[in-house]
Amino acid sequence: MPQSLRTVPVLTLLAFAFAFGGVATAAEAAGEAPTAAGRPSLAGPIGLFGTSTAEVGQLHQLRVGLHAEYFSASDFLILGDSDQRLRSELGVGFTLLHNLELFGALLNSSNRNDRTRAAGDRDPELVKSNGDLILGAKGVYPLSPVATIGFELGLKFLAGVSQLALSPSSTSLWLGPVFTYDLRNSPRPLPVRLHAAASFYADNSSHLREFSTETRNTKEAAMFGYGIAPSRFRVALAADAPLPRGKVPFPIDPFIEYHVEVATGGADQTFAAYSAPSCDKGAGSKPCIDNRDAHWATFGVRAVVFRDIAAELGLDLRVRSPGFTYGVPVPPYNVVFGLSVPFDIDALTRKTVVTKTVEIPAVPEGHVTGEIRGSEGGKPVAGAVVTVAGHPHANAAADETGTFTTVSLSPGPVALQVTAPGFEPLTASAQVVAGKATTVQLVLKVHAPSATVHGHVSNREGKGLEATIKLAGRDKTDGIFETRANAKGDYTLSLPVGSYRVRADAAGLPAQENLIELALDQDRQLDFVLRPAPSNPDVVLGGDSIRLQRPVRFVGSTAKLAPPSEGLLDAVAELLVAHPEIHKVSIVAHWDSSLMKPGPAELTRAQAEAVKTYLVAHGVGAERLSATGAGATQPLVPSLSPASRLRNRRVELHLE
């Protein structure tokens, strides 16, 4: 490569120093694994190479990307020429607010056109364009967990041809929407994201230099070297597949882009000889190319090669060039390579947590031993099972003499639960002494009329969970029974007939309760699906309803939702979208008796429909919702005061 093409700005060196200078990367500060997605594009905003995506990164994250582009071709601009181009881009993005990204880029370019020059050609063999500047902003808004839309505005300041200062008259801008559809967050997740971007690019680069006295070849070479082009519409479609570490040896993000640009200005008469009908005349005439559109495809890949630093490589391939009168040709190929890294700016002020390992001397363990006998006749109960609460692997079975011994246990109190066929479960306690055996005598009552309950505890994805199952009888004399679901989430327990409140607890998930009625010799199945708590604490998913910690309010005695209630219903919609297993929700609106009949019934019917309409508009399927107006028929309290009337005005969400 010629030495004159090796133009690397000082800011490039500063970027490398910053990348390896000890500032915590975003993934390190958040304690997360690095990812290859969410990096600066060639123009600065988060995206792929030429496609901006509808994302802004985590709050106060700084992203730096350093890229270079290179191509070389013959007979590219002018018949018989040899053309080489090297461009470098230093892109920077910063997430100022949760939904707002500011970005910028510093561009440098060197283009060598080697040809036999005519007498009137004035362009130098090497055209340099140093210091072009891009500044812009992008805002996004999530439509759902899967879809995000945004809008982007960018300014491009071109450096002067004969001086270092920027050329104000040549300043260009673009604006338009961006869209991302992330299939990783869909009900059936796939590691694929789809992107689309469209913009109008108001290009004023033609003011950079006056070409009225220059030859056609000089103008063609200079336009390509300085990046001079007409205003145009731009459309980009792209897809990428971010693969995290675990599925591949290192985080990698392959992607593909397809770009279309359509010139909007008039034809450049300087190149009329290349357009019909001029090019149809005479031998040796130029081929007619009159189209306004240009197309190219980009194939790229990013991979995290060290800490959070990603190496990037891509290839642009020309599909179609515009006609000569509507812009310079698209290079047949263009190689893109570079590095990018995100930084967490908040890490500069965040307190450092130092973890110190302290070795604690081991405490001798003990165990529990004893005999289990029946209450009638005092006979040994062979096969009785002793469960140690909180120690799922410490179960012990009694031998033919009724004797049992647990595994070693930590010193301290333990709770024992004993079960045996034909006997009622027994709960007892024992004190484990370090280095010794604690002896207990346990007596089981003959089994009263009993039933069996069994089931499965799983998370929202269907994976079994180790959980504690507690059953409390509605009658205090029924006692409290407890068992553990195994690693697969399965449990079973025999207990007296009657009514019970059953509670399932698993680490890291909200508990779930249910009511059951057990009949004689019945084998009842009771399954639990434990779901994460909703992001809004005012919305709680209960056993048979969605409980609202603050009420849904309307404007006066109308069906128009009060603005504060819209945020509450946003959380309800979020919960229902995240829990597709909830098939039906009944929306019931209530009012007080301050209105004459049939006013309350008609009003609450309209209010329930308003809530349903809002939830449907925010992503909940209409077939999952029903709306009912209960009027003033079900007051919570007598409507004797403004406070009591306000309390009776409510909306309830019941799971069917």
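**Exercise 1. A pair of strands and its sheet**

How many bridges join strand 15 to strand 18, and do these strands run parallel or antiparallel? Describe the sheet to which the two strands belong.

*Solution.* Before starting, note that this is a predicted model, in which local features need pLDDT of at least 70 and side-chain atom pairs count only at pLDDT 80 or more, while totals for chains, interfaces and linings use all residues. Residues are numbered from 1 along each chain as its sequence is written, and side-chain values use heavy atoms, with hydrogens and water left out.

Step 1. Helices (H or I, at least four residues) and strands (E, at least two) are DSSP runs, numbered from the N terminus, and two strands pair if DSSP finds at least two bridges between them. Strand 15, residues 367-374, is joined to strand 18 by three bridges, and the two run antiparallel.

Step 2. One of these bridges can be located by residue, since Glu371 has Thr403 of strand 18 as its bridge partner.

Step 3. The sheet is open and has three strands in the order 18-15-21, with mixed pairing. Its edge strands, each of which pairs on one side only, are strand 18 (403-405) and strand 21 (437-444). On average, and with direction ignored, neighbouring strands of this sheet are turned by 20° against each other; axes here are lines fitted to C-alpha atoms, for helices over the stretch in contact, and angles run from 0 to 180 degrees between N-to-C directions.

**Exercise 2. The surroundings of His67**

Is His67 buried or exposed, and with which side chain does the side chain of His67 make a polar contact?

*Solution.* Step 1. Locate the residue: His67 belongs to strand 3, which covers residues 61-74.

Step 2. Apply the cut-offs: buried means under 20% relative accessible area, exposed over 50%, and partly exposed in between, with a 1.4 Å probe and protein chains only. His67 counts as buried because its relative accessibility is 2%.

Step 3. A polar contact is a pair of N or O atoms within 3.5 Å; within protein, one must be able to donate a hydrogen and the other to accept it, and residues adjacent in sequence count only if both atoms are side-chain atoms. The side chain of His67 makes such a contact with the side chain of Glu312, at 2.3 Å.

Step 4. Contact in general means heavy atoms within 4.5 Å. When neighbours within four places in sequence are left aside, the contacts of His67 include Pro40, Phe49, Arg87, Glu312 and Phe337.

**Exercise 3. Helix 4 and a sheet of five strands**

Which residues of helix 4 are buried, and against which elements do they pack?

*Solution.* Step 1. Helix 4 covers residues 563-578, and its 16 residues reach 24 Å from the first C-alpha to the last, close to the 22 Å expected at 1.5 Å a residue; the expected span is 1.5 Å times one less than the number of residues.

Step 2. The buried residues of helix 4 are Ser565, Leu568, Leu569, Ala571, Val572, Ala573, Leu575 and Leu576. For reading this list, recall that an α-helix has 3.6 residues a turn, so residues three or four places apart point the same way.

Step 3. These buried residues pack against helix 5 (599-617) and against strands including strand 30 (539-541), strand 31 (545-548) and strand 34 (650-655).

Step 4. An open sheet of five strands, with mixed pairing, has the order 30-31-34-32-33. Strand 30 and strand 33 are the edge strands, each pairing on one side only, and neighbouring strands are turned by 25° against each other on average, direction ignored. Within this sheet, strand 31 and strand 34 pair in the antiparallel sense over two bridges, and Ser545 stands opposite His654 in strand 34.

Step 5. Helix 4 runs at about 30° to strand 30, whereas helix 5 runs at about 160° to strand 33.

**Exercise 4. Positive phi values**

Where is the place of His60, and where is that of Arg307?

*Solution.* Step 1. Most residues other than glycine have a negative phi. His60 nevertheless has a positive phi near 60°, and Arg307 has a positive phi of about 50°.

Step 2. His60 lies in the loop between strand 2 (46-47) and strand 3, while Arg307 lies in the loop between strand 12 (293-306) and strand 13 (309-320).

Step 3. His60 counts as partly exposed because its relative accessibility is 26%, and Arg307 counts as partly exposed because its value is 45%.
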